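The following exchange examines an interface and its charged side chains for a reader with a computational background. Please consult the sequence and coordinates alongside each answer.

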Amino acid sequence: MNRSPRHFRTLTRAAQISLLALLISPAGAVTPDEMLSDPALESRARILSQELRCVVCQNQSIDDSNAPLAHDLRVLLRERLAAGDTDRESVDYIVARYGNFVLLKPPLQVNTLFLWVGPALFLLLSLIGFSRYLRSRAANAPTETSSPLSESEQTRLDALLDEKGSK
Amino acid sequence: MSAQIGHFSLLLALLISLMQALAPFAPVKRRDPAIAAFVDHAALGQLVFISIAFASLTYAFVTSDFSLSVVAANSHTTKPLLYKVSGVWGNHEGSMLLWVLILAVFGAAVALYGDNIPDRLRSKALGVHAMIAVGFLLFIILTSNPFDILPNPPADGSGLNPILQDPGLAFHPPFLYLGYVGFSMAFSFSVAALIDGRVDACWARWVRPWVLAAWCFLTIGITLGSAWAYYTLGWGGWWFWDPVENASLMPWLAGTALLHSALVVERRNALVSWTILLGILTFSLSLIGTFLVRSGVLTSVHAFAQDPARGVFILLLIFLSTGGALVLYGFRASKLKTASSFSIVSRESGLVLNNVLLSAVAFTVFLGTFYPLIIDMIGGDKISVGPPYYNRTFVPIITPLLLVMALGPALKWKRDELRAALGRMKIAAIAGAVTLLAVIGFTSGRDFLTACFMGISLWLIVGSLLVLAQRVRLGSSSFSTSVKLLGTTPRAFYGLVVAHAGMGILVAGIAGMASWASEKIEVMRPGQAIELSGYEMRMLSIGDVEGPNYEAQRANFEITRKARVVSRLYSERRFYPVRQQQTTAAGIHTNLISNLYVALGESDGAGGWTVRFYYHPFMPLVWIGALTMALGGFLSLSDRRLRVGAPQRSARRLAAVPAE
């Protein structure tokens, strides 16, 4: 079979590796030999894995990715859990080594304050803005529909109403 | 030869677009019909030449003409024909050509079918549309020319990424682009209206079909993408909050708001400037999405080839188009004020609330998608924003929207009372509550949140049907009256009912999948079986197979339930020698309510194979719900009233049909 040379012109080395890692992966991630024997620990590991990013992949959790690094991280996480760390401690251990990038749930810190608060703030501000808008629309109702009638129009109106009333 | 023809056609199309863009705004003695005729013909000409260019590229792919660099980089002689054709848009350059083709299609469609639109507005809108075309044709010709020639053509190409060798590629991008690019028409009409300084109910009526069409196609495109990812990526995921997925969701959310906002303009001549703003923003979000995918700025499962020059060009296009439109909006929006009023409880205010919530949710997705980028640029941390973030921000904001969605159509225009409206929805509320309790009962109180969303799902489905029932006076009039009213109910109303009910189905699907999906991962040998959720899956055999351009190991499985055979599936691990890539083809069994999913993993070298077996209850409902929404949209689109200039009086007017 004719194998053509790989064309990775525009990709950096790291991207090449990550691309390979992603594409060599078939089905997802956790292999039976990684799984812990204690089901409670294993389920903790699975839940935590879903919130940890595979840092060399393109937007996958370590639970989903079959990249070698994802495997290493899953093993590492399970080691920490098996050694008795709490959820928080095991995750902190990994963050200390890989940075905040590994967290799929962004940490609540000064520079992510707007990220977490933004949506609620936007909602609040737009609700306030629109309640003002609604109130102004409701207030406009009586004045915009009618302007005062002229003398002759008022007389005609009275005549018509009398006519109708006498029927 | 096809390269030269294609290239030349593109240049001609660019020239025509330039003329089309300038004509409506040129300071000539204005004779509207003459200019309109010129612009209409220009739009058609644009379509003709871009079609020729697209046909040339397709021909090059189909005949494996490796003198074109894009064909050499993305195709191969052994590739099946379907993928040679769909591979035309499986790369950056070709997909951009598809983009401008669809842009030209929409322009020509307005030129051909827009006779009910007055000449002035139509020619200005087509003029703005042509400006967009100029921008993108320049982008293609200068930075992404699919007709670039290789000085030394290789004997064979690099092949297409195996993940893209799938019928999904034939449909997902075209539908997506029909959506994205379709919103460009709303943008063009909005900007044209701003230039004209006049927006009224007629404008909204003329624009609505185009917005609806784009929205329907985008809904289908996103659904196809999700379904494709589900069966192709091998682990049963269907939505990842991936930046590129978000890039398609944001215009969808804004487009939904636009659709509903235009309704208020049409019926009540209110919310005009808000609608124009949405028209501008929706397309801008489409452009930003295009930028995201092609600039290499973000890491994603989806990213095309990264090239900073292209990113800068698109950014410039966004800046000019969105910036220009917003500046125009700033100057002219005050001219668009209307004086109509409505009370705090009314259908208008319900739609305003709808807009607010949709905007908030679109903003949330925008924030989550771009925040890592911004933080990185400021030089701070490198952070990730994934599903845990969206679950905590998106979901709480969309939930009240789902509740309002069923109530809205039951509200009267201009003025209504909340208690009365809620009273009309009593049956739907009861249905929701019963569902909530039933789910709590079935799951022994474990999944309260899921139960809530199942309740909301029924609230939506029953609520939508209830509104229809009330319109045809089911129960309050004779049955024959109701049947007659069914016939006179406009299709747009059926569209509403179907679309909102579809959303309910979608919610049920998501809730079910989020809580009740289960999986088992084991090493299996032929003859062994594993059990999951009452299903038993036995591996029958495993062997080697050969595909047209791959080699694979195929494992055959049989799934039984209570000793009756449910399905026979197979899953393959494929290796594509040309690209040296491995993928998984999963085996999926569906009964349209739940899925059983089997994926073959790695061999342990000793005759055992890792197998993942998933049970996905309600998964198909996600896509069925979404497609139902699109169906509702198409129903609305087929409403005859949208195709005539003014509302027609029906010959059979029944007394006191409530204003809808």
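Q: What area do chain A and chain B bury between them, and what percentage of it lies on carbon and sulfur atoms?
A: The model is predicted. The size of an interface is often given as the accessible area lost when the parts come together. For chain A and chain B that area is about 5300 Å², and the part of it on carbon and sulfur atoms is 62%.

Q: How many residues does each chain give to the contact?
A: Contact here requires heavy atoms within 4.5 Å. Chain A contributes 55 residues, and chain B contributes 67 residues.

Q: Which element gives the largest share of the side of chain A that touches chain B?
A: Across this interface, seven residue pairs are in polar contact, both residues being at pLDDT 80 or more. On the side of chain A that touches chain B, the elements giving two or more residues are α1 (13-24) and α5 (113-145). The largest share is 19 residues, and the element that supplies it is α5(A).

Q: How many nonpolar, polar and charged residues does the side of chain A that touches chain B have?
A: Sorting the residues on this side of chain A by class gives three groups. They are 27 nonpolar, 16 polar and 12 charged residues.

Q: Which residues form the salt bridge between chain A and chain B?
A: The count between the two chains is one salt bridge. Its closest N to O distance is 3.3 Å, inside the 4 Å limit for a salt bridge. The side chains that meet are those of Arg46(A) and Glu519(B).

Q: Which residues are joined into one network by salt bridges that share partners?
A: Arg46(A) and Glu519(B) meet in a salt bridge across the interface. Through shared partners, salt bridges also bring Asp63(A) and Arg612(B) into the network. Its members are Arg46(A), Asp63(A), Glu519(B) and Arg612(B).

Q: How many helices and strands are there in chain A?
A: From the N terminus on, the elements of chain A follow the order α-α-α-α-α-α. The chain has six helices and zero strands.

Q: What percentage of the residues in chain A is buried?
A: Chain A exposes about 9900 Å², with carbon and sulfur atoms supplying 60% of that area. A residue counts as buried under 20% relative accessible area. Of the 167 residues in chain A, the buried share is 38%.

Q: Why does the salt bridge of Glu42(A) and Arg78(A) tie together parts of chain A that are apart in sequence?
A: The closest N and O atoms of this pair are 3.0 Å apart, and both residues are buried. Glu42(A) lies in helix α2 (residues 39-49) and Arg78(A) in helix α3 (residues 68-82), so the bridge ties together parts whose separation in sequence is 36 residues.

Q: How many residues apart are Glu266(B) and Arg205(B)?
A: Their side chains meet in a salt bridge at 2.6 Å, N to O. Both residues are buried. Glu266(B) belongs to helix α9 (residues 243-268) and Arg205(B) to helix α8 (residues 201-232), a link between distant parts of chain B that are 61 residues apart.

Q: Is Arg574(B), which forms a salt bridge with Glu572(B), buried or exposed?
A: The side chains of Glu572(B) and Arg574(B) meet at 2.7 Å, N to O. Glu572(B) counts as buried because its relative accessibility is 1%. The relative accessible area of Arg574(B) is 18%, and therefore Arg574(B) is buried.

Conventions: Residues are numbered from 1 along each chain as its sequence is written. Chains are lettered from A and ligands numbered from 1 in the order in which they are written. This is a predicted model: local features need pLDDT of at least 70, side-chain atom pairs count only at pLDDT 80 or more; totals for chains, interfaces and linings use all residues. Side-chain values use heavy atoms; hydrogens and water are left out. Buried area is the accessible area (1.4 Å probe) that two parts lose on being put together, summed over both. A polar contact is a pair of N or O atoms within 3.5 Å; within protein, one must be able to donate a hydrogen and the other to accept it, and residues adjacent in sequence count only if both atoms are side-chain atoms. Helices (H or I, at least four residues) and strands (E, at least two) are DSSP runs, numbered from the N terminus. Ala, Val, Leu, Ile, Met, Phe, Trp, Tyr, Cys and Pro count as nonpolar, Asp, Glu, Lys and Arg as charged, and the others, Gly among them, as polar. Buried means under 20% relative accessible area, exposed over 50%, partly exposed in between (1.4 Å probe, protein chains only). Accessible areas come from the Shrake-Rupley method with a 1.4 Å probe; for residues, only the protein chains shown count as cover.
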